[in-house]
Amino acid sequence: MKLSKRVHHNIQTIKEELNDSTDLKVREFNLSIQGIREISCALIFFEGLISGQMVTEAVMQPILHEVRDFDQPMDANLITFIKESVLTNSELTEKNTIDDVVLSIMIGEVALLVDGFNTALTIDMKGWLHRAIDSPQSEGVIRGPRDSFIEAINRNMMLIRRRLRDPNLTFERIQVGNRGQNDIVIAYIKDVANDELVNEVRKRLENVDLDVILDSGYIEQMIEDDWWSPFNTIQDTERPDEAAAGLVEGRVAILVDNSPFVLLAPATFNTLMLSAEDYYVRWPAANFVRIIRFVASFVALVTPSLYIALVSFHPEMIPTKLALSIAASREGIPFPAFIEALIMELSLEIVREAGIRLPGPIGQTIGIVGGLIIGDAAVSAGIVSPFMVIVVAMTAIAGFIIPTYTLSFGLRITRFFLMLAASFLGLYGLTLGMLILLGHLATLTSFGVSYLSPWAPFSPWDLRDSVMRSPWHKLKRRPGYTHTKDQTRQPLKKRRRRKRSS
Amino acid sequence: MIHKRFRLVILTLTLALLMTGCWDAKDVDQRSFVMGIAFDLAETEDRYVMTIELPVLSGFASQSSGEGPKSVMFSTVGTSVAQMATHFESRTWRELFFGHTQAIIISGDAARKSIRPFLDFFDRNPRIDRRLTLFISQGEAQEIFKTKDPREDLVSVYLNQMLNTLTNTARVVKMNFQDSLRNLESNGDTILPRVRSSGTEAVIAGGALIKDYKLIAWLGENETRAAAFLYNNVSGGLIVVNVDDNLYAYAMRSASSETKAKLKDNQLIFEIEVKSEGDIIEVYYEEAQGPSAFDIAKIEDKLNQLIANEILHLVTKLQDLKTDPIGFDRLVFRSYPKFWKEHAKDWKDKIFPQAKFEIKTTFRVRRTGIVEKEVVYERQR
């Protein structure tokens, strides 16, 4: 619908369009030009989305003071004059339709309507309150930057831009959500990221038809390759350095407004197991930590099922003294090993979930209470054996070592599946379960990249940054799985050419 | 059609899961760990007494008071091992579990009749830990379980660990169940470690010579040492030699032996080569003034003679008894398959007793300790 020339008419339509919402403010005023003419004008905006002080200082005052001396003839374009000579804002646009104006108002702009003109001037005055930049909550590091993304998308873009002063760093804005009209930004480095990847990301994002996007989690689940798998195939991070590193590796970052988590695609099992800190500490330390991390993730995955298999099916595989000691500690416990393990693992998950939900100070106590009850009382009451407590404690601690929270979810769910397999078939079942798991992981892809690369398909170059990380001097190329346009990060040494025999 | 086939696949997979799984699931605390088994002759003929040593589980819990017995013995009489094992199961609600059995002891008297009836049950059982040890006891076998060593709660565990330690002293042959069975199944002969009860202690020393599954003779400690050299399972041990009226204690740090079979003019010759390196760890002087210098070459010669004689003594004894527990027959089979084919039947009775042995021993003294002494080393060529 086109704007009409009458201000009151326009105000009426916009109000109707926005259902006369209470936070919609209409400031009507009269412009007197050289004391001869009076033109009625209106500023329309949502309270809270814009800063009221800014409206007064940067819009009302200049207009009221400057336009007074407007000496052009009647039909001259007052709007253009205001836009070009009066207002100092960096972002000003002229809108012709009601819909455009309404959308502008909704994203935090101020619409200026002037009587006699069927265009509106929208002024970017976004000034809502947002959280200050804080340190990351779920991806802490000892060594490395401490800032994290926040809910405001423009700040998030700033955080990335500050790290990559590269003219090729590109941000593309898309609006998704037929009700939310949420901003989504695709970020990539134009001469690094593979075009096909960028196009695929863009295509998938454009196909998302959800009414509102409240967090990047919505987008992640809508555009991933294998949405039925317990494993996530898109990485999420709240660390700007991680996002910047991903961009440099040729991956695409997806920023979603109102979400402090930025998505990185493609993501493989390998990339999800790496922490930003691995690149900041020296390589021997990084390798040491990475090996421990991979071992620990395996421990977190199989320890309970291994315990069930050995205790229920293969006690001859436990060293004699330990077997006796386990048998002694299990004496009088009314449940088979599987039920025992299930009780303990489930209560661990309950304590963990409760700890997250409870407000901070009480969250501490739930840890102590849960630890006391599970660790001590359950044992002395004869519900579980002390060895089971060790097993559970080991899985819990080892599980926390996985740097990506979403991946640890996948492994936690799989753990129960393996426990079930072990309780049916012992070590044979555990092996079967692991094979099924491996098979499943091998079928996963993330934007066409195999989830298990660089191991399957095997790519020797990418192995330099997997379980082991080569020193920076040796990491001269970008990873191969992203198929980047520019493949080198450091100049490669020139190979000595063989002298050609003439 | 595809749908039907798919259903069939699912059904087969489910069956495969249910048929293979679960049937042997039994938690550790539902099993009776049979730590040791002893076999004796019963008073009535053709019957045996089987005694098992079971741990008292509460004694192994972490919060245990440390008081009370840590193990119990059960005995029963029967004709076959399986039958006697079933007797036990009717007396305890737990299933007997042989996966952690450490020792099987057969009394000398029973072994003189034959050890064969005791072995088949264990040979067939896939869950037996084949690293357990088969002992022959001098005296009643179940008496061994009545000995109590304060350092170890279970006699069977004690026996098995003791045997491993004793390997370093070359006083026993280290034979686990698997080795013993292999020897026995190839020609019915073997040497098993001997154990006896001194009332309060179980003593492992010497060996029991088995011929055709029957105990025919005991071997003394020196004979056992020679046998250990032939089996090539000596890893240490002390040899004391007398040189010029001084006693030298030689501790082996490594030892190995190799046996080769040679056939010359239808005469079998076994070339046995023993090599060892070690240290002099003590010198005992009769007189106030000891020797001013070590004559290492002399010590080495004496060691070579001593061990060569011991080995020769043992093989002569084996030849006299017409038994081949070391497995020279396998060596002949490998080296001269044709000859073996012709003479396999009368190997123990004719061929082996007439074989010749050439024994070469090379003992080397590497260190003499940190006491400063002049070391003389002249090897006469």
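A salt bridge is counted here where a side-chain nitrogen of Lys or Arg lies within 4 Å of a carboxyl oxygen of Asp or Glu. The exercises below concern a predicted model.

**Exercise 1.** Describe the interface of chain B and chain A, and examine the pair Glu331(A) and Arg94(B).

*Solution.*
Step 1. Begin with the contacts: 26 residues of chain A are in contact with 29 residues of chain B.
Step 2. Turn to the area. The two chains bury about 2100 Å² between them, and 61% of it is on carbon and sulfur atoms. Of the area that chain B buries against chain A, 26% is supplied by Asp27(B), Val28(B) and His100(B), more than by any other three residues.
Step 3. Apply the salt-bridge rule, which finds five across this interface. In one salt bridge, the side chains of Glu331(A) and Arg94(B) meet at 2.8 Å, N to O. The pair satisfies the rule because the cut-off is 4 Å.

**Exercise 2.** Locate the largest pocket and characterise its lining.

*Solution.*
Step 1. The space in the largest pocket amounts to about 1200 Å³. Its lining comprises 48 residues, of which Ser138(A), Pro403(A), Thr404(A), Tyr405(A) and Thr406(A) are the closest to the centre.
Step 2. Sort the lining by residue class: 20 are nonpolar, 15 polar and 13 charged.
Step 3. Assign the lining to elements. Those of chain A that each supply at least two residues include helix H7 (216-223), strand E8 (235-237) and helix H11 (283-312). H16(A) gives the most, with seven residues.
Step 4. Consider the domains of chain A. Domain 2 (153-267) and domain 3 (279-450) both give residues to the lining, so the largest pocket lies between them.

Terms used
Residues are numbered from 1 along each chain as its sequence is written. Chains are lettered from A and ligands numbered from 1 in the order in which they are written. This is a predicted model: local features need pLDDT of at least 70, side-chain atom pairs count only at pLDDT 80 or more; totals for chains, interfaces and linings use all residues. Side-chain values use heavy atoms; hydrogens and water are left out. On a 1 Å grid over the protein atoms alone, a cavity is a set of points where a 1.4 Å probe fits but cannot get out, and a pocket is an open set with protein on both sides within 12 Å along at least five of seven lines; lining residues have an atom within 4 Å of a point. Grid points are joined across faces, edges and corners, and a volume is the space filled by probe spheres set on the points. Helices (H or I, at least four residues) and strands (E, at least two) are DSSP runs, numbered from the N terminus. Ala, Val, Leu, Ile, Met, Phe, Trp, Tyr, Cys and Pro count as nonpolar, Asp, Glu, Lys and Arg as charged, and the others, Gly among them, as polar. Domain bounds come from an automatic or database domain assignment. Contact means heavy atoms within 4.5 Å. Buried area is the accessible area (1.4 Å probe) that two parts lose on being put together, summed over both.
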